[in-house]
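Got the model open in your viewer? Keep the selection box handy, and we'll walk through it stop by stop.

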Amino acid sequence: MDVVDRLLGTKKPIESNGHLPNGDGGLITDSTMLSSQRTPWQSVQLARELKRPHSIEVIAGVFDKFEELHGDRGYRDDPAVVGGIAELEGVGPVVVVAQQRGSTTEENIARSFGMPYPEGYRKAIRLYRMAEKFHLPLVTLVDTPGAYPGPEAEERGQAEAIAKAIATMCGLQTPIVAVIIGEGGSGGALALAVGDMVLALQNAIYSVISPEGAAAILWRSATEAEKAANALKLAASDLLRLGIVDGLIPEPAGGAHTDSAATIAAIKTAIVAQVDRLGRVPIADLLSARYERYRHIGTVIEPLPGTLPAPKTEPFWRRIMRGV
Amino acid sequence: MPFGRQRKEFPSHLWTQCPSCGEMLFNKQLARNHNVCTKCEHHFRLGARERIELLIDKGSFTEHDVDLTSGDPLGFTDQKPYPQRVQQSQVKSGEKDAAICGTASIDENQVELAVMDFDFMGGSMGSVVGEKLTRAGERALANRTPLIIVSSSGGARMQEGTLSLMQMAKILGALHRLDEAGLPYIAVQTDPTTGGVLASFASLGDLILAEPNALIGFSGARVTSETIGEKLPKGFQRAEFVLEHGFIDQVVPRAQLRDRIAYFLNAFRPSARDLRWSL
């Protein structure tokens, strides 16, 4: 992470009054600075709160103007992914790509609960390329339970679409700021969340599998979702500690849905500050910093050569008994 | 009950029944045929070490990053603590984690070869698999050789949480550099290739080959059938289905896999005029 810190100045000393210096848009960059700690399960529920500000509302509040662009130029327009060109105060035009879940049952059905189909990811890829071509910064808003898991999605190559979206973001020659505003559901979220700065709202979650899914597989009971949520470390404060997100955007005390306007204002401040800062880094440096950012995520233990104990293997007779 | 007569005639350490045609196969013969049924060509899973032997020029494999092992970054415990699960898998499989990487030659083409091992926690991708595959990609870039990844995995490893998810971006970052450098990457999908592994490196090869009848799908079949509330058609998420829908290049029987890969490597090899690889 050193390269990223050096280039982007992520690590800033905290001033004597305990606040971050101006310039990083009011971000929380140290999890010990969080005032009220919720349990992971409370975060899961807040992140899925129906009245929580969703992407379209956030886009309307953060940007001065938004022209939506439709379609993947291949199959159809997926309403679970919303994208277009928007005007960001003090920066100018940017490309925005977001996942939209509904605030009502009807909207949720129309937008398949924010679960994109492959064509949704292909629309996103098209807009990423557009951002690159016209040198516009890319801002993404992540809010999805995951990619749509139905058979049509499989037939149209859900996995390929996600993989290509991730790979495109890895090499995209323009600054990317990704904000997880609600639920970050696995690969379906990562397809919009590879960036130079990945931010999360204070009560957002981001996980490799839903707590319900993990409970069904590892505990063999969907009712253990709360235990799974604790174990998966999917709350924003844990993600910050693990280096998966770079900063948290504070929410009102009762959660984002209690004061949407204040939440959206905080998102705007953070996005403006980050897009402005990344815009001043040369593209080549930005790309190598982005590579290094992901290159160093993960924990591996590598013993020095010559210090290893003899490898433990199964005795031969046990292998025979197992019939291998 | 005929007093375990069936078992006496076909003790399981000597015989295996083919789930496809019901033929009883002598284990030694099955192994000699690279775990393919001699009667109906049903492809059983093949271990990672056997797979390497199948693909490479004899004795050309130099393994790298042998001793990378997984930490427990989340302090994860489900019904067992994660470190205990890892240790049990290490003892059972004799491997340190779910991928084996090294430099080898295939028909005298030097390649970086990475093979995933389904026997190790379902071939799941955590930090170690991510690190090993990324290093394999970086070595291929540094030596200007092709990269081959044989996947066999249930997806990302839940016990390392979101860190596992990030491995997808990490590996794809390395593959992107390989792509920009004009180096070939061949993805081989074997039974099963699902979830986060399919939604990253397994789906993006210059060439994507798959073994017959391999399970290849993004979502688990149970989740998918629950989503629509009905049973899935036969052959759904199998290699032939994926081929038909246009997401892989070929379905290659195991017996021909090595020769097919060798052919493509030779086809992609730069001629004397074309110095792309050696620059």
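Start by selecting residues 161-180 of chain B, which is helix α6. Helices here are DSSP runs of H or I with at least four residues, strands are runs of E with at least two, and both are numbered from the N terminus. Put a distance between the first and last C-alpha of α6(B): its 20 residues reach 30 Å, close to the 28 Å expected at 1.5 Å a residue. That expected span is 1.5 Å times one less than the number of residues.

Before going on, a word on the ground rules. This is a predicted model, in which local features need pLDDT of at least 70 and side-chain atom pairs count only at pLDDT 80 or more, while totals for chains, interfaces and linings use all residues. Residues are numbered from 1 along each chain as its sequence is written, and chains are lettered from A and ligands numbered from 1 in the order in which they are written.

Is α6(B) mostly covered or mostly open? Mostly covered: 17 of its 20 residues are buried. A residue is buried if 20 or more other C-beta atoms lie within 10 Å of its own, exposed if 12 or fewer, and partly exposed in between, with C-beta atoms placed from the backbone.

For a close-up, click on Leu165(B), which sits in helix α6 of chain B. Leu165(B) counts as buried because it has 28 C-beta neighbours inside 10 Å. Which residues does Leu165(B) touch, not counting residues up to four places away in sequence? From chain A you'll find Ser186(A), Gly187(A), Leu190(A) and Val208(A), and from chain B there are Ala156(B) and Gly196(B). A contact means that two C-beta atoms, placed from the backbone, lie within 7 Å. For a sense of scale, draw a line from Leu165(B) to Phe26(B): they are 139 residues apart along the chain, and their C-alpha atoms are separated by 41 Å.

Slide along to just after α6(B), where Gly182(B) takes a positive phi of about 75°.

**Across to chain A**

Now add residues 158-171 of chain A, helix α7, to the selection. Two packed helices are described by the angle between their axes and the distance between the axes. The axes of α7(A) and α6(B) come within 9 Å and cross at roughly 65°. Axes are lines fitted to C-alpha atoms, for helices over the stretch in contact, and angles run from 0 to 180 degrees between N-to-C directions. Show side chains and you'll see who makes the contact: Ala163(A), Ile166(A), Ala167(A), Cys170(A) and Gly171(A) on α7(A), facing a set on α6(B) that includes Met168(B), Leu172(B) and His176(B). By class, this contact has 8 nonpolar, 3 polar and no charged residues. Ala, Val, Leu, Ile, Met, Phe, Trp, Tyr, Cys and Pro count as nonpolar, Asp, Glu, Lys and Arg as charged, and the others, Gly among them, as polar.

Zoom out to the whole contact between the chains, which takes 55 residues from chain B and 52 residues from chain A. Which helix gives the largest share of the side of chain B that touches chain A? That's α6(B), with 14 residues. By class, this side of chain B has 24 nonpolar, 26 polar and 5 charged residues.

**Backbone oddities**

Next, select Asp191(B) and Pro192(B): the peptide bond between them is cis, with omega near -15°. Pro192(B) lies in strand β8, residues 185-194 of chain B.

Over in chain A, go to Phe113(A), in the loop between α4 (105-110) and α5 (118-133). Its phi is near 55°, a positive value in a residue other than glycine. Phe113(A) is partly exposed, with 16 other C-beta atoms within 10 Å.

Then hop to His135(A), in the loop between α5 and β4 (138-144) of chain A. Here too phi is positive, near 55°. His135(A) is exposed, as 11 other C-beta atoms lie within 10 Å.

**Last stops**

Back in chain B, pick Glu63(B) in strand β3, residues 62-64. Glu63(B) counts as exposed, with 12 C-beta neighbours inside 10 Å. Leaving aside neighbours within four places in sequence, Glu63(B) is in contact with Ile100(B) and Gly102(B).

Finally, colour chain A by pLDDT, the predictor's confidence in each residue, from 0 to 100. The mean for chain A is 88, and 88% of its residues reach 70 or more. Residues 11-23 of chain A stay under 50.
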